[in-house]
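Please work through the following exercises with the sequence and the 3D structure open beside you. Try each task before reading its solution.

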Amino acid sequence: MNPLHDELKQRYEAMMASFKKTEDDPYRLHFHVMPPTGWLNDPNGAIHVDGVYHLYYQYSPYDAAGGLKYWGHYTSRDLVHFKDNGLALLPDQPYDLHGVYSGSAFEENGVMHYFYTGNVKHLGDHDYILSGREQNTIHAVSYDKGMTIEKKDVVIDASDYPAEYSNHIRDPKIRKINDVYYMILGARNRNDEGLVILYQSTNLTDWTYHGPYFGPLKGMGYMWECPDFFELDGEDVLILSPQGVNQDGFLYQNVYQSGYYLGEMNADEVTFTPTSQFNELDRGFDFYAPQTFEDEAGNHIMWAWMGLPDADYDNPLEYGWQHAMTLPRVLTVENHQLIQKPHPNYQVLRKQEDVRSLHLSEGAYEYFTGTAAELLVTIDDVTKLTLTIRSDVTLTYDDETKQLTLALGEAGRGRKTRTIELTQLKQLQCFIDQSSLEVFINDGEYVMTSRMYPQPDEEKIELTGEATGTLTHWLLEQKNKS
Ligand code: FRU
């Protein structure tokens, strides 16, 4: 019996019983996961078991501006239609009282295992970096395939982390290699440098500190959040979300980044040696804290928070919700680069197809409509190209500079421009979902993701410039249209 758990749960159920506001929002999304109400951030515990995808997430149900973190829980059989299963983990124990923070899941012998961070803040005069904060690592299990989660043990108490680290150690991700479980955690050391640290275990209960897995690295910031590691197409991949990296031209323009290194994991030392640069996973405005999992067919899938902490732009909060997940993306490695493609299941939403051959020149344009739409542009030849979405949002390519620029104007609520320097523009695949835009460039070589707030009742999508190629437009089903 846990009276706090019961009270928090009842409070949530009472609120949900009377809550309807998000349904009236003209900016509500149709084919992206968004919170039923309140605030959403990182994807957590993403997993595919017995044909069911589970997507847990950082969730502050009571306030669209954020607050105490729970885990919310969606399930899906197709990655397109999702069922809300309410709260999965509540901040109801002394070791996670100020937030059930991010974590991950895996399944073994019919049992689902979860490792997450329990956040605790002590009262008093603290900086909450070197003192005043506990970030415990907790093991939880589910014996009913992810529908109910029981907390099991604090496997690493905050007081057990090595002395060289600050209080900021969180976001466990586990991988099993030759009967040994390896856990990586994002960390900030006492010199204000970010790094990924490693623990190991043979029984999931007793964990020993192994040392840094990767980092710190000059110029790579003071804290690394949400690390993820896996092997893909013969390469070892390390994903992380560093904080404190300085802008470098068109790179690292957001307040915090999310990106990856390709490299090699040294099996004896269990350390990582990169063989690539740090590459941002997304070059738009709203992308952070990605998490990957392998589905039952062996595809590597990634979700990310379509949002960012501490950004100097915002989203409307009038309808009581904020933030969403990106589309799930399938990852592959090609030519020493991570390629991201939208998971193809969304194609069941395609309603009306319109294929045109593209012959744009001065004064000509192609015109479409749709506030939930997909646009695929395959380019044979281009001098310049501008895609305009409603009034204020433009995506412009100039073949002279090879720059592709997303500009949001008033619709950006503070988001202005993001630019990528390409070697060539070959293809654009755009997903417009009411107040979100994801642009996959050159078949997944780059992605730009952004929230946008043009006039909600405007429908215009227009293409102008000088270019030839093929263009396909689909209206996508508006699942949430009431
Ligand atoms: C990333 C993050 C994580 C943390 C969680 C708390 O956005 O800050 O490091 O676990 O969000 O909500």
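**Exercise 1: Where two domains meet**

Between domain 1 and domain 2 the count is 2 salt bridges, in a model that is predicted.

Task: Find which residues domain 1 and domain 2 cover, and describe how domain 1 and domain 2 are in contact.

Solution. Step one is to mark the domains: the assignment gives domain 1 as 3-16 + 33-310 + 324-344 and domain 2 as 350-476. Step two is to place their centres, which, taken over C-alpha atoms, are separated by 32 Å. Step three is to look at the contact itself, where 20 residues of domain 1 touch 24 residues of domain 2, and where the area buried between domain 1 and domain 2 is about 2000 Å², with 55% of that area coming from carbon and sulfur atoms. On the side of domain 1, the residues that lose the most area to domain 2 are Phe250, Arg283 and Phe285, which together make up 36% of what that side buries.

Step four turns to the polar side of the contact, for which the count between domain 1 and domain 2 is 13 residue pairs in polar contact, both residues being at pLDDT 80 or more. Strand β23 (residues 337-342) gives the most to the side of domain 1 that touches domain 2, namely 6 residues. Sorted by class, that side of domain 1 has 9 nonpolar, 6 polar and 5 charged residues.

**Exercise 2: A salt bridge across the sequence**

Task: Locate the salt bridge between the side chains of Asp92 and Lys151, and decide whether Asp92 is buried or exposed.

Solution. Begin with the distance, which is 2.7 Å from N to O for the side chains of Asp92 and Lys151. Next, place the partners: Asp92 lies in the loop between β4 (82-89) and β5, while Lys151 lies in strand β8 (residues 150-156), so this pair ties together parts that are 59 residues apart in sequence. Now consider accessibility: Asp92 has a relative accessible area of 7% and is therefore buried, because buried means under 20%. Lys151, with a relative accessible area of 22%, is partly exposed.

For practice with another pair, take Lys402 and Asp399, whose closest N and O atoms are 3.2 Å apart in a salt bridge. Lys402 is partly exposed at a relative accessible area of 26%, and Asp399 counts as partly exposed at 23%. Returning to Asp92, salt bridges that share partners join Asp92, Asp96 and Lys151 into one network.

**Exercise 3: Unusual backbone angles**

Task: Compare the surroundings of Asn109 and Cys226, and say why Asn109 counts as exposed and why Cys226 counts as buried.

Solution. First read the angles: Asn109, although it is not a glycine, has a positive phi of about 50 degrees, and Cys226, also a residue other than glycine, has a positive phi near 45 degrees. Second, find their places, for Asn109 is in the loop between β5 (100-108) and β6 (111-121), whereas Cys226 is in strand β13. Third, apply the cut-offs: Asn109 counts as exposed because its relative accessibility is 75%, exposed being over 50%, and Cys226 counts as buried because its relative accessibility is 8%.

Task: Which residue is joined to Gly215 by a cis peptide bond?

Solution. The partner is Pro216, and omega of this cis peptide bond is about -5 degrees. Following the chain, you will find Pro216 in the loop between β12 (208-214) and β13 (223-232).

Technical notes
Residues numbered from 1 in each chain as written. Predicted model: local features only at pLDDT ≥ 70, side-chain atom pairs only at ≥ 80, totals over all residues. Heavy atoms only, no water. Domains from an automatic or database assignment. Contact = heavy atoms within 4.5 Å. Buried area = accessible area lost by both parts, 1.4 Å probe. Salt bridge = Lys/Arg side-chain N within 4 Å of Asp/Glu carboxyl O. Polar contact = N/O pair within 3.5 Å; in protein donor to acceptor, adjacent residues only side chain to side chain. Helix = DSSP H or I, 4+ residues; strand = E, 2+ residues; numbered from the N terminus. Nonpolar A, V, L, I, M, F, W, Y, C, P; charged D, E, K, R; others polar. Buried < 20%, exposed > 50% of the residue type's maximum accessible area, 1.4 Å probe, protein only.
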